[in-house]
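Student: I would like to learn how to read charged pairs and helix faces in a model. Could we go through them one at a time?

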Amino acid sequence: MNRDIAIMVDLQKLWDRKVEFEDGISHHEKSIAFWEKKISDIRKDVSVLKENLTQAELEIRLKEKKVYELEEKLGKLQKRRDVIKTEKELAALENEIKAVETEKDEIETVVIEEMESAAGIKKSIEKKENELAEAEPKMHEDIAYLRSKIENYAKEVRELISQFNAGLSKLSPEIKSRFEKTIKSKEGKAIAPLEGETCGVCHTSIPVHIVLEASSGIKAMNCTNCGRFIYKKENV
Ligand SMILES: [Zn+2]
């Protein structure tokens, strides 16, 4: 096999491994982001619930204060009964008392509902906080593990890149630039094994004379469709 072709085949292997490690890194980073979002979502939920609870408790206190004021008012009205002289005045007073009692009843009913709702919020907070207490230690453990994996993978990537660069510098100048540009493009494939008479990457059939020339391994040839270098796998 032509020396350049052999080097390119090796470089492609290094690059493929590098890409695998990079994919691993991005996969682990996604897992970390997923964990962090999950925890932050629970924290946000807890904080919204706590705000709701504070608001609900404030409402309850205000209404309880109002109930107390109405009770005081009722007491005073009832005492006034003793000093009333005419039936008309008494009827007016009874109406006023009734109106205050109705208002008080209504507010008390709402207070009971609001207390039930506040108790529900407290329960939800407790549930979310338990969830957090359970998930957090596991999350920290998992994230630490994932970060150590990422670090190892990054080390591999650096090592593979340095091996790649060393190999790249050995390629003939007329090939090097094209090979480097192609391998660093999105798909990361610069040399394709022939699969019969088709390119192993783009799977387009290649004219026979080029296949024959590429198979001889004397000269680096390119796929007529995707432009990648092509070679015949040996001993396969
Ligand atoms: Zn091709």
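Student: Does K65 count as buried, partly exposed or exposed, and at what relative accessibility?

Tutor: Bear in mind from the outset that this is a predicted model. The general idea is that a residue is called exposed when its relative accessible area is over 50% and buried when it is under 20%; K65, at 52% relative accessibility, therefore counts as exposed. Its partner E69, at 37%, counts as partly exposed, and the side chains of E69 and K65 meet in a salt bridge with an N to O distance of 3.7 Å.

Student: Where do E69 and K65 lie, and how many residues apart are they?

Tutor: An α-helix has 3.6 residues a turn, so residues three or four places apart point the same way. In this case E69 and K65 both belong to helix α1 and are four residues apart, about one turn of the helix.

Student: How many salt bridges does the structure hold, and which parts does the pair of D16 and K189 tie together?

Tutor: There are 18 salt bridges in the structure. In one of them D16 pairs with K189, the closest N and O atoms being 3.2 Å apart. Because D16 lies in helix α1 (residues 3-80) and K189 in the loop between α3 and β1 (191-195), this pair ties together parts that are 173 residues apart in sequence. Both partners count as partly exposed, D16 at 24% relative accessibility and K189 at 29%.

Student: Is R228 buried or exposed, and with which residue does R228 form a salt bridge?

Tutor: R228 forms a salt bridge with E187, and the closest N and O atoms are 3.8 Å apart. This pair links distant parts of the chain, with R228 in the loop between β3 (221-222) and β4 (229-231) and E187 in the loop between α3 and β1, 41 residues apart. The accessibilities of the partners should be read separately: R228 is buried, with a relative accessible area of 9%, whereas E187 counts as exposed at 58%.

Student: Which residues of helix α3 are buried, and which are exposed on the other side?

Tutor: In helix α3 (residues 173-183) the buried residues are I175, F179, T182 and I183. Seen down the axis of α3, these buried residues fall within an arc of 90°, so they line one face of the helix. On the other side of α3, P173 and K181 are exposed.

Student: Which residues form the negative surface patch?

Tutor: The patch is formed by E101, E103, D105 and E106. Among them, E101 lies in helix α2 (residues 87-168) and is partly exposed, with a relative accessible area of 34%.

Technical notes:
Residues are numbered from 1 along each chain as its sequence is written. This is a predicted model: local features need pLDDT of at least 70, side-chain atom pairs count only at pLDDT 80 or more; totals for chains, interfaces and linings use all residues. Side-chain values use heavy atoms; hydrogens and water are left out. Patches are made of residues with over 30% relative accessible area and no salt bridge: like charges are joined within 9 Å, nonpolar side chains (Val, Leu, Ile, Met, Phe, Trp, Tyr) within 5 Å. Accessible areas come from the Shrake-Rupley method with a 1.4 Å probe; for residues, only the protein chains shown count as cover. A salt bridge is a side-chain nitrogen of Lys or Arg within 4 Å of a carboxyl oxygen of Asp or Glu. Lys and Arg count as positive and Asp and Glu as negative; His and the chain ends are not counted. The place of a charge is taken as NZ of Lys, CZ of Arg, CG of Asp or CD of Glu. Helices (H or I, at least four residues) and strands (E, at least two) are DSSP runs, numbered from the N terminus. Buried means under 20% relative accessible area, exposed over 50%, partly exposed in between (1.4 Å probe, protein chains only). The arc is that of the directions from the helix axis to the C-beta atoms.
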